[in-house]
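Please open the model in your viewer and keep the sequence panel beside it. The tour below goes from one selection to the next and says what is there at each stop.

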Amino acid sequence: MGTQMPLFPEQASTAASKVDTLFLFLLALTGSVAIGVTVMIVFYTIRYRRRDDSLQPPRIMGSLRLESLWSAIPLVIFLGIFIWGAKLYYSMASAPENALEIYVVGKQWMWKIQHPEGQREINELHVPMGRPVKLTLTSEDVIHDFFVPAFRTKVDVLPGRYVHTWFQATQPGEYHLFCAQYCGTNHAGMIGKIVVQTPSDYQAWLNSHAEGSLALQGRKLFLKFQCVTCHSADSQARAPVLGKLYGRQVHLQDGSSVVADDQYIRESILKPEARIVAGWQPIMPTFQGQVTEEDILQLLAFIKALEPGQTPERTEEATAPTKNSLTP
Amino acid sequence: MTTLTTPYRPQAKVTETTAENYLNVAYGVKSWLLTTDHKRIGLLYLMSVTVMFFVGGVAATLIRLNLLTPHGQLVTADTYNKLFSAHGIVMVFFFLVPVVPTVLGNFMLPLMIGARDLAFPRLNLASWYIYLVGAFLMLLVLFSGGVDTGWTFYTPFSSKASHTNVLPAVTAIVIAGFSSIFTGLNFVVTVHRLRAPGLTWFRLPLFVWSLYSTSIIMLLATPVLAMLFVLLAIERLWGVGIFDPALDGDPLLFQHLFWFYSHPAVYIMILPGMGIVSEILPCFSRKNIFGYQFIAFSSISIAVIGFLVWGHHMFVAGESVYAALVFSLLSYLVAVPSAIKVFNWTATLYKGSVSFQTPMLFALGFIGLFTIGGLTGLMLAALGLNIHVHDTYFIVAHFHFIMVGGMVMGYMAGLHYWWPKMTGKMYSEWWARLSALIIFVGFILTFMPQFILGYLGMPRRYHVYPAEFQVLNVLSTAGASILGVGYLLPFAYLIASLFGRTRSGPNPWAATGLEWQTPSPPPPQNFLVTPHVTCGPYEYALSSEGDHASS
Ligand SMILES: [Cu+2]
Ligand SMILES: [Cu+2]
């Protein structure tokens with residue numbers, strides 16, 4: 001982030017050079033077309049400038065051959081560019097399996113970040129070099145956009161749903177993080193930095209900021225909100241047990257089924273009646289307004305990590321949350 | 001017709017000095033405010049859109065001045081946000097969309113097809129009043145606190161977070177939209193019903209083809225924008241969940257509907273400019289246009305395919321990979337007809353007899369800048385690359401090349417081409433050429449640095465920015481001040497021409513179009529004798545007079 005004037009952005013991710021290759025190719029291609037057209041126009045206008053008012057230009061109406069030529073050739077070139085761009089987009093769309101998953105919540109006007117081991121940051125994101133990092137992002141209010149020019153990644157961060165992006169950093173250093181979707185007064189101030197560290201530096205940073213893993217914090221919330229009174233592993237359970245739920249097919253009351261992913265679990269917390277699991281009563285209250293987006297991400301981390309038999313014990317003195325006790 | 005000219009020689013002698021024309025037929029405010037003459041209505045529009053252009057221009061000036069320093073010292077963040085919103089809203093909805101159809105189209109369309117007026121003259125006047133109400137309301141909004149949503153009004157920011165005049169602003173846009181719908185309707189019916197005898201579809205001037213395509217888009221797309229803003233109002237007023245996810249709405253629905261109008265609107269804003277260029281090139285190179293039917297059909301196919309590419313504004317907004325693929329592919333298809341036009345324009349110059357009067361300079365500028373705008377569009381449609389440049393200054397530069405480098409250049413070309421027809425007076429050629437040059441240079445200097453800024457990663461709509469972007473921003477502001485001078489000049493010399501003595505005569509460019517076969521300014525009924533058309537619109541190569549039209 002020097003203060004001298006750069007003309008080309010830094011390349012700090014595996015995607016950056018691929019995007020730049022496509023860009024430079026297109027720059028060369030479109031540049032030569034632009035220069036070609038300009039040269040033709042300048043040449044024609046000078047070569048055929050009016051010298052003699054009485055000169056009668058020929059009556060040329062057009063040429064089917066030329067028309068087909070300059071329709072077909074651009075079309076073929078365009079299709080080529082389309083395929084190249086689409087392949088690149090596709091390769092940037094889904095993160096590799098082994099990616100480190102980090103959660104991001106945007107709000108007017110800051111970025112709140114949670115690492116899987118519980119570390120939190122605001123407007124700063126520490127990531128290790130050389131390892132794919134998958135971001136799961138959501139917004140608390142309006143639409144924002146998580147844009148890291150040095151990585152050539154950008155994704156709109158929407159309220160009410162999760163979006164994903166991923167990158168693999170290649171160069172240690174500090175890089176701009178910009179909000180690229182206009183979000184109100186301080187949109188231009190919704191910026192931060194990405195700190196790329198070597199794996200050992202990153203580990204040292206993690207250790208110095210340890211707070212207990214995200215799943216552990218989610219477990220605390222699971223107990224705090226009394227989820228366990230119904231979602232218990234014993235015979236009196238009034239709701240499905242959540243061990244090994246994540247990523248499984250769930251059969252619903254209306255006969256359909258759904259994969260229990262981030263989006264579904266989030267919806268089940270905020271709008272439990274929306275999709276009821278087959279065989280259970282719609283008794284769960286909504287937790288809308290009770291939990292923050294960050295809380296939900298912690299609960300998600302807990303549910304993801306939950307193995308069968310690890311559901312916390314139910315404590316008898318606790319009363320189950322009911323629709324009346326929780327609905328605001 | 002009675003007044004055909006010798007090709008190549010601007011007429012000095014005029015015959016109609018004492019004759020009745022649309023300007024001297026009646027005097028007084030009432031004769032203007034209650035007129036149903038399309039020519040007078042065209043001038044009313046000219047004055048109103050010019051006012052709006054200067055309002056939008058003032059906002060642009062303040063934006064560029066604020067960006068001279070990285071810390072945004074001129075205005076506060078909120079003011080800045082209101083300025084770029086005002087600039088976008090005014091320029092798009094109150095200048096670029098209406099300008100060519102309502103000023104030049106209104107004035108020229110009946111003349112170019114040999115009609116006495118548009119099909120519905122009173123509806124035409126009503127359109128102007130509706131536009132005026134919309135524009136007036138918009139100015140009221142701007143001067144009573146403004147609006148800070150950007151011209152895109154994305155939800156849920158506009159529906160719940162913004163505390164500015166969102167509803168009055170969208171109301172103003174909806175009102176102005178109805179003016180567009182009526183104009184489009186009027187033009188479509190006029191082209192179908194009021195063509196002069198012998199004026200078949202393939203003898204229509206290409207400007208008429210482009211107005212026709214534009215009108216179809218106006219008719220079909222504008223109602224969607226109106227519906228969208230009604231839905232936005234319902235959510236904002238009564239909290240009905242349509243776009244806000246907290247109310248079970250879907251913010252992407254807003255974007256889909258918005259771009260379903262606003263992408264075709266891009267073609268509302270460029271097709272008429274393409275039509276103007278297609279008139280001017282043949283005239284100033286004394287040639288038939290190359291590939292008439294291909295240019296005509298490319299306008300139609302742009303209008304049709306243009307309805308199917310809106311999702312290319314949403315590649316990073318959360319649409320599915322599958323949708324992104326389809327919209328990217330369709331965007332490449334819609335680029336083909338534009339490419340066809342550029343090649344045909346270039347080929348028209350071949351073996352011509354090219355002269356460089358002001359309209360031609362603007363038209364050549366249009367081709368150059370539009371080509372750059374179109375080619376950078378190819379980059380934007382490439383999915384993997386779009387991710388990086390989306391919502392940065394790269395986009396800002398791209399659409400200004402199309403909208404300003406293209407459409408405003410095209411409008412200036414048309415205004416200078418038809419000014420003598422509209423007023424009967426000729427402006428100072430020297431000053432006009434100078435302004436064409438200044439606008440071209442100023443434009444390049446303003447927007448070229450923005451491509452670099454965008455690729456470096458500077459997001460749009462930023463009130464402050466990191467210091468390393470300053471040099472390019474200063475360059476851009478310097479260019480904008482040159483551009484500003486370029487736009488003020490025509491204002492001065494065009495008005496001066498009205499008081500000057502240089503009469504243009506009926507056909508100063510020795511052009512073949514029907515509009516030139518009647519006195520300047522035209523008589524109230526347009527033609528003294530109904531023209532009969534016997535050949536295509538650009539028969540500059542047929543030497544003898546009267547080949548084009550006869551009475
Ligand atoms: Cu923002
Ligand atoms: Cu578009």
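A residue is called buried here when its relative accessible area is under 20%, exposed when that area is over 50%, and partly exposed in between. By that cut-off, 67% of the 551 residues of chain B count as buried. Please keep in mind throughout that this is a predicted model.

**Chain B as a whole**

Select chain B and colour it by secondary structure, which comes to 16 helices and two strands. Its radius of gyration is 23 Å, close to the 24 Å that the globule rule gives for 551 residues, so chain B is as compact as a globular protein of that length. Turned onto its principal axes, the C-alpha trace of chain B spans about 70 × 45 × 45 Å. If you display contacts between residues of chain B with a separation of 6 or more, 82% of them are accounted for by residues 24 or more positions apart.

Now switch on the surface of chain B, whose accessible area comes to about 17100 Å², with 71% of it belonging to carbon and sulfur atoms. Colouring by charge brings out 25 positive and 19 negative side chains in chain B, and the centres of these two sets lie 12 Å apart.

**The copper ion**

Which protein atoms are the donors of the copper ion (ligand 2)? Select the ion together with H263(B), H312(B) and H313(B), which donate through ND1, NE2 and NE2 respectively and lie 1.6 to 2.1 Å from the ion. Along the chain, these donors follow the spacing H-x48-H-H. Are H312(B) and H313(B) buried or exposed? H312(B) has a relative accessibility of 18% and therefore counts as buried, and H313(B), also at 18%, counts as buried too.

**A helix and a distance across chain B**

Next, select helix α10 of chain B, residues 292-305, where Q293(B) is found. With a relative accessible area of 39%, Q293(B) is partly exposed. Draw a distance from the C-alpha of Q293(B) to that of Q357(B), and the viewer should give 27 Å for a pair that is 64 residues apart in sequence.

**Backbone details in the loops of chain B**

Move to the loop between α4 (121-143) and α5 (157-161) of chain B, which is the place of P156(B). The peptide bond that leads from T155(B) into P156(B) is cis, with omega near -5 degrees.

A second stop of this kind is P521(B), found in the loop between α16 (470-499) and β1 (532-533) of chain B. There the peptide bond from S520(B) to P521(B) is cis, with omega near -10 degrees. Stay in the loop between α16 and β1 and select N526(B), which lies there as well. The phi angle of N526(B) is near 75 degrees, a positive value in a residue other than glycine. N526(B) is buried, and its relative accessible area is 0%.

**Chain A as a whole**

Hide chain B and bring up chain A, in which there are eight helices and twelve strands. The radius of gyration of chain A is 28 Å, well over the 20 Å that the globule rule gives for 328 residues, so chain A is more spread out than a compact globule. Along the principal axes, the C-alpha atoms of chain A fill a box of roughly 105 × 50 × 35 Å. Buried residues make up 48% of the 328 residues in chain A. Of the contacts in chain A between residues at least 6 apart in sequence, 68% join residues at least 24 apart.

The accessible surface of chain A comes to about 15400 Å², and carbon and sulfur atoms hold 58% of it. Coloured by charge, chain A shows 29 positive and 30 negative side chains, the centres of the two sets lying 8 Å apart.

**Two last selections in chain A**

Select N123(A), in the loop between β3 (120-122) and β4 (124-128) of chain A. Although N123(A) is not a glycine, its phi is positive, at about 55 degrees.

Finally, go to helix α3 of chain A, residues 199-208, and pick out A204(A). At 44% relative accessibility, A204(A) counts as partly exposed. How far from A204(A) is the C-alpha of G255(A), which is 51 residues apart from it along the chain? The two C-alpha atoms, of A204(A) and G255(A), are separated by 50 Å.

Definitions and conventions. Residues numbered from 1 in each chain as written. Chains lettered and ligands numbered in written order. Predicted model: local features only at pLDDT ≥ 70, side-chain atom pairs only at ≥ 80, totals over all residues. Heavy atoms only, no water. Helix = DSSP H or I, 4+ residues; strand = E, 2+ residues; numbered from the N terminus. Rg over C-alpha atoms; globule rule 2.2 N^0.38 Å. Buried < 20%, exposed > 50% of the residue type's maximum accessible area, 1.4 Å probe, protein only. Contact = heavy atoms within 4.5 Å. Areas by Shrake-Rupley, 256 points an atom, 1.4 Å probe, with all protein chains shown as cover. Lys, Arg positive; Asp, Glu negative; His and termini not counted. Charge placed at Lys NZ, Arg CZ, Asp CG, Glu CD. Donors = N, O, S within 2.8 Å, 3.2 Å for Na, K, Ca; no water.
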